[in-house]
Amino acid sequence: MVDKNHKGERTGGTVKTIHQHEKLTLEQLQKLVGGYIQVFNLPLDKTNLVTNEDGKLMGMMMNTTATKLLHENYPHTVKYGDFVVGDVVVLHGDARITRR
């Protein structure tokens, strides 16, 4: 999906939600986000936002949905103009990363 945000920049990326009791390996998460992962622990009850650690360096497009989630949970990121790029995974509840 490619879209334009309010500044006319190209945006895109998907948000995949993993629910209670689902488990993913590190390798599965890396495949979903397209590289090494970076995990943001959100203040929401047991929620983590998993992004591509090098996404900005790789030139991935801004993910407006994930950026909004980050800004809602970490308002200071708005001040510094931070944003999320590429495909992301949201882990809810007891969903977690496993070794296998």
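**Exercise 1. Confidence**

Over which residues does pLDDT stay under 50, and how many contacts beyond four places in sequence does the model have for them?

Solution. Start with the source: this is a predicted model, in which local features need pLDDT of at least 70, side-chain atom pairs count only at pLDDT 80 or more, and totals for chains, interfaces and linings use all residues. Residues are numbered from 1 along each chain as its sequence is written, and side-chain values use heavy atoms, with hydrogens and water left out.

Step 1. pLDDT is the predictor's confidence in each residue, from 0 to 100. The stretch under 50 is residues 1-9. For these residues the model has 15 contacts beyond four places in sequence, a contact being heavy atoms within 4.5 Å.

Step 2. Where pLDDT is low, the predicted coordinates should not be read in detail.

Step 3. Set this against the whole protein: the average pLDDT is 83, and 85% of the residues score at least 70. Confidence is lowest in strand E1 (residues 2-4), with a mean of 40, and highest in H1, at 93.

**Exercise 2. Overall layout**

Give the order of helices and strands, and say how much of the protein is buried.

Solution. Step 1. Helices (H or I, at least four residues) and strands (E, at least two) are DSSP runs, numbered from the N terminus. The protein has three helices and eight strands. Along the sequence they follow the pattern β-β-β-β-α-β-β-α-α-β-β.

Step 2. Buried means under 20% relative accessible area, exposed over 50%, and partly exposed in between (1.4 Å probe, protein chains only). Of the 100 residues, 33% are buried.

Step 3. Take the contacts between residues at least 6 apart in sequence: 61% of them join residues at least 24 apart.

**Exercise 3. The nonpolar cores**

Which residues make up the largest nonpolar core, and where does Val50 sit?

Solution. Step 1. A nonpolar core is a set of buried Ala, Val, Leu, Ile, Met, Phe, Trp, Tyr and Cys residues joined through side-chain atoms within 4.5 Å. The largest one has nine residues: Ile18, Leu24, Leu29, Val33, Ile37, Val50, Val89, Leu91 and Ala95. Helix H1 (26-33) and strand E7 (88-92) each supply at least two of its residues. A second, separate core has seven residues, including Leu42, Ala66, Val84 and Val88.

Step 2. Val50 is in strand E6 (residues 47-52). With a relative accessibility of 0%, Val50 counts as buried.

Step 3. Neighbours within four places in sequence aside, the contacts of Val50 include Leu29, Val33, Ile37, Val89 and Leu91.

**Exercise 4. A salt bridge between two loops**

How many salt bridges does the structure hold, and which residues form a salt bridge?

Solution. Step 1. A salt bridge is a side-chain nitrogen of Lys or Arg within 4 Å of a carboxyl oxygen of Asp or Glu. Side chains of opposite charge can pair when their charged atoms come close. The structure holds one salt bridge. Lys56 pairs with Asp82, and their closest N and O atoms are 2.4 Å apart.

Step 2. Lys56 lies in the loop between E6 and H2, and Asp82 in the loop between helix H3 (76-79) and E7, so the pair ties together parts that are 26 residues apart in sequence.

Step 3. Lys56 is partly exposed at 45% relative accessible area, and Asp82 is partly exposed at 26%.

Step 4. Asp82 also appears among the contacts of Thr67, which touches Met62, Asp82, Phe83 and Val84, residues up to four places away in sequence not counted. Thr67 is in helix H2 (residues 64-73) and is buried, with a relative accessible area of 6%.

**Exercise 5. His21**

Is His21 buried or exposed, and which residues does His21 contact beyond four places in sequence?

Solution. Step 1. His21 lies in the loop between strand E3 (15-18) and strand E4 (23-25).

Step 2. The relative accessibility of His21 is 61%, so His21 counts as exposed.

Step 3. Apart from neighbours within four places in sequence, His21 contacts Asp94 and Ala95. The C-alpha atoms of His21 and Ala95 are 4.9 Å apart, although the two residues are 74 apart in sequence. Ala95 is also one of the residues of the largest nonpolar core.
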